[in-house]
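Good morning, and thank you for the time. I would ask you to keep the sequence and the coordinates in view while I speak.

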Amino acid sequence: MMQYKIALMVGSVRPASTNRRLARAMARVGEGRFEFHNLRIDDLPFFDQDLERTPPQPVLRLKEEIRAADAALFITPEYNRSIPGLLKNAIDWASRPFATNAFRNKPVAVFGSSTGAFGGVWAQAELRKVLGTMGARVTEVELTVSHAGEKFDEAGELLDADVRRELRDAIAVVRDAVDSRQLAAAA
């Protein structure tokens, strides 16, 4: 079985965030099938179009890590019913220049969690819209984890069997998207 390289972009830098915990749970569920790489986005400067052609080193690193991945997974909290600024900034850098952006034709999936009842659905919808506009291949899989504070134990381990099953199903969709992309490229 082929192992795919997956870039993980988490929209929260808090170590104890439910979205970081969800990313760790995803890596455990997909272990053996995927090689997950957490992308660092907290060291990127604010996007500056004047630097687009000669971006700083952290931006170059981010773009290369995205290009090297077979797919990218986004795990995002919801701030003010939208995408966290930190994550949007990273996407803005990676999407430039538009014609050759790091996400062009790359399979992507969007997941998220929230301590509230809706699981971050608005942020996920916004993020899917942005990624599709950039030319990423947004998969049809959805995973929203509501009341996420109750789904993990104190050590950050996923307790909820239903969420674990949904993670496995979501990972299968991402695997199929990568397989389809590679078959199309080989044809």
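I shall take confidence first, then the interior, the charged pairs, the backbone and finally a surface patch.

Please bear in mind that this is a predicted model. The mean pLDDT over the chain is 92, and 99% of the residues reach at least 70. Confidence peaks in helix α2, residues 57–68, with a mean of 98, and it is lowest in helix α5, residues 161–186, where the mean is 88.

Let me turn to the interior. Which residues touch the most other members of the largest nonpolar core? That core has 28 residues, and the ones in question are Ile6, Leu22, Met26, Leu73, Ile75, Phe111 and Leu167. At least two core residues come from each of β1 (4–10), α1 (18–29), β2 (34–38), β3 (71–76), β4 (107–113), β5 (137–145) and α5. Helix α5 contributes the most, namely six residues. Thus the helix with the lowest mean confidence is also the one that gives the most to this core.

Ile6 merits a closer look. Setting aside neighbours within four places in sequence, Ile6 contacts Phe34, Glu35, Phe36, His37, Ala69, Ala71, Leu73 and Val174. There is, in addition, a second and separate core of 26 residues, which includes Ala7, Leu39, Ile66 and Val130.

I come now to the charged side chains. Side chains of opposite charge can pair when their charged atoms come close. Over the whole structure, 11 salt bridges are found, and I have selected some for discussion.

In the pair Asp92 and Lys88, the closest N and O atoms are 2.6 Å apart. The two residues are separated by about one helical turn, because they stand four residues apart in helix α3, residues 85–94. Asp92 is partly exposed, at 23% relative accessible area, and Lys88 is likewise partly exposed, at 28%.

A second pair, Lys129 and Glu126, has its closest N and O atoms 3.5 Å apart. Both residues belong to helix α4 and are three residues apart, about one turn of the helix. Lys129 has a relative accessibility of 49% and therefore counts as partly exposed, the limit for exposed being over 50%. Glu126 is also partly exposed, at 30%.

Arg175 and Asp176 form a further salt bridge, with an N to O distance of 3.1 Å. Their relative accessibilities are 27% for Arg175 and 39% for Asp176, and so both count as partly exposed. Elsewhere, salt bridges with shared partners link Arg40, Asp42, Asp43, Arg61 and Glu65 into one network.

Next, the backbone. Where does Pro97 lie? Pro97 is in the loop between α3 and β4, and the peptide bond that joins Arg96 to Pro97 is cis, with omega at about -10°.

The loop between β3 and α3 contains both Asn80 and Arg81. Although neither is glycine, each has a positive phi: near 55° for Asn80 and near 65° for Arg81. Are these residues buried or exposed? Asn80 is exposed, at 79% relative accessibility, and Arg81 is exposed as well, at 53%.

Finally, the surface. Phe118, Val121 and Trp122 make up a nonpolar patch of about 280 Å². Val121 is part of helix α4, residues 121–134, and counts as partly exposed because its relative accessibility is 32%.

That concludes my remarks, and I welcome your comments.

Note on methods
Residues are numbered from 1 along each chain as its sequence is written. This is a predicted model: local features need pLDDT of at least 70, side-chain atom pairs count only at pLDDT 80 or more; totals for chains, interfaces and linings use all residues. Side-chain values use heavy atoms; hydrogens and water are left out. Patches are made of residues with over 30% relative accessible area and no salt bridge: like charges are joined within 9 Å, nonpolar side chains (Val, Leu, Ile, Met, Phe, Trp, Tyr) within 5 Å. Accessible areas come from the Shrake-Rupley method with a 1.4 Å probe; for residues, only the protein chains shown count as cover. A salt bridge is a side-chain nitrogen of Lys or Arg within 4 Å of a carboxyl oxygen of Asp or Glu. Buried means under 20% relative accessible area, exposed over 50%, partly exposed in between (1.4 Å probe, protein chains only). pLDDT is the predictor's confidence in each residue, from 0 to 100. A nonpolar core is a set of buried Ala, Val, Leu, Ile, Met, Phe, Trp, Tyr and Cys residues joined through side-chain atoms within 4.5 Å. Contact means heavy atoms within 4.5 Å.
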